[in-house]
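Thanks for making the time this morning. I would like to walk you through one structure, going from its surface to its cysteines.

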Amino acid sequence: MSTQEIRFSGFGGQGIIRCALITGKALSLYDDKFATMTQSFGPEARGSACAAQLVMSDSRILYPYITQPGVLLALSQEAYDKYYGELPKGGVLIVEQDLVKLKSDHPDLKLYRVPATRFAEEVGNRLFTNLVALGFFTAVTKVVTADAMKKALPGLVPDRFLKVNIKAFEKGYEYGIEALKTAGAAS
Amino acid sequence: MKTVTADPKGVDAGPHFMDGDHALAEGALAAGCRFFAGYPITPSTETAERFAERAPEVGALFIQMEDELASIAALIGAAWGGKKCMTVTCGPGFSLMVENIGLACITETPLVIANVQRGGPSTGLPTLTAQQDMMQAKWGPHGDNAMIALSPDSPQECFDLAVEAFNLSEYYRVPVIILTDETVGHMHEKVVIPPADQIKVVPRNNYSGPKEDFRPYKFNSQGGHPMTQAGDGYNFHITGLVHDERGYPVMTAEQGKIVVTHLMEKINGNADKIIRLEEDQVDGADVVVVSYGITSRIAVKAIQDARKEGLKVGSLRLITIWPFCEKRIRELAPKIKAFVVPEINYGQMVLEVERCAAGQCKVISVNHCGGAVHEPEVILDAIRKAAK
């Protein structure tokens, strides 16, 4: 039985909760895993720091909240500052590279940086930042398959923006594959 | 209970990644609920939102009322207007509904109320979890009442138990309360909604015989008595006063005995048919953990760890909260060392366990003041102590 805990974080409006919904749906409906998603409620979900948590496992999840995330996706400075300390040695830290100023090189962590907002603007609109980040997350963590993530999108993004969301996801995914290669070559 | 298959219009069949609140709305729609009146309150609002969104395509009616007092009153009216009906709320709203829940009990009006519990008392902890309204569900309304309450442990069970709540409510003509909590209400998991032909629902049982023979009540301590809907041409009268089988007030001690006995016994006397429990390794156990709702999942984690230490621990999960599983607790008490009862309140259902255990074994409360779930280690510690 392997259990993985993931925290998605950023500021309200970046589509953080949507990230967790898409990943949870992909895992539990299309990747044959168990997934439980919990999220911020109250004022923090509506503008300031916002987080959504996902526990995934091969068997039924009993404790629904995360206790020690193995993966942190931080799309804002505040989210990074607040949560990076939770990661254990060897944990995966993914940050929005234009929005997050790192406090260290984090030699104990697997650090990945993605210009998600910039890529989203290239695709058409910064509203797609979360999908770029999710594509990148999918490539570097391999906790969920890209196929399942794309299948999970209908119903969770507006129909008329489905294609462009997939394009944003793929842009992030491809950048993630490259990042993995670079990291592999460096080590 | 006579059942039919669900109306496909209300069934959004297939796998979903859905929170417990939304699953409650889907379960209600699948069960044939076509009237919802409520007032928004965290953490139950998502149920109302889902119902409102789906109502037009299903052909249901959704009304946002001015408050919770009006919401429950609207349900009583809608039920006698022929609709299966539901409302959702949490502690503060439930407190406001209590008077008319009593009216629904004595008028034998079927309706379903979901209480997505948050921390109290009063407005307490609006966005944080609790299980503090367990006793209120039973003892809220004044006078002797017997009602049914169910507690789901997952979004999937929110769907399943919403269907069951309507079925029990229709058959026994009693308010059924779904006692869930903020954690289950707000967490997303996979929910599989079966196709309509695999969902069994108890249809509204409307009388169709000669007009002069219609009686809205029969005081026989059983469910299954037909009702009518306003406008169908059958004379009926409902009142909060003690009444005869036509529904007209008869305010005597003798009639009070007949009515109250019926109201109590139609539930308590059928407890064996109503109660659902989930047991795991209870036979031969030294310690049995009694839990419900989200706490039962945390408890299983603690039980698994305790078993790794060689302790003989069983799990008894209450799916039905009220009527309480008195008989099973009485059977187990002399055979075990202790019951451990974790709950997100200061100790409520543990009082029932203690009452039924009647001193034949230890009963250990693992209480929590709300706002979060237990740490599994706290329950594990209690199991270790109980096993000594």
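Chain B exposes about 14600 Å², and carbon and sulfur atoms supply 52% of that area; accessible areas here come from the Shrake-Rupley method with a 1.4 Å probe, and for residues only the protein chains shown count as cover. Please keep in mind that this is a predicted model, in which local features need pLDDT of at least 70 and side-chain atom pairs count only at pLDDT 80 or more, while totals for chains, interfaces and linings use all residues. Side-chain values use heavy atoms, with hydrogens and water left out, residues are numbered from 1 along each chain as its sequence is written, and chains are lettered from A and ligands numbered from 1 in the order in which they are written.

Of the 388 residues in chain B, 60% are buried, where buried means under 20% relative accessible area with a 1.4 Å probe, protein chains only. Along its principal axes, the C-alpha trace of chain B spans about 70 × 50 × 40 Å.

Now to the cysteines. How many disulfides does a search of the whole structure find? The search finds 0 over all chains, a disulfide being a pair of cysteine sulfur atoms within 2.5 Å. A:Cys50, for instance, is in no disulfide, and the nearest cysteine sulfur, that of A:Cys19, is 9.6 Å away; A:Cys50 also counts as buried, at 4% relative accessibility. In chain B, the sulfur of B:Cys90 is too far for a bond, because the closest cysteine sulfur, in B:Cys158, is 15 Å from it, and B:Cys90 is likewise buried, with a relative accessible area of 0%.

Technical notes
Buried < 20%, exposed > 50% of the residue type's maximum accessible area, 1.4 Å probe, protein only.
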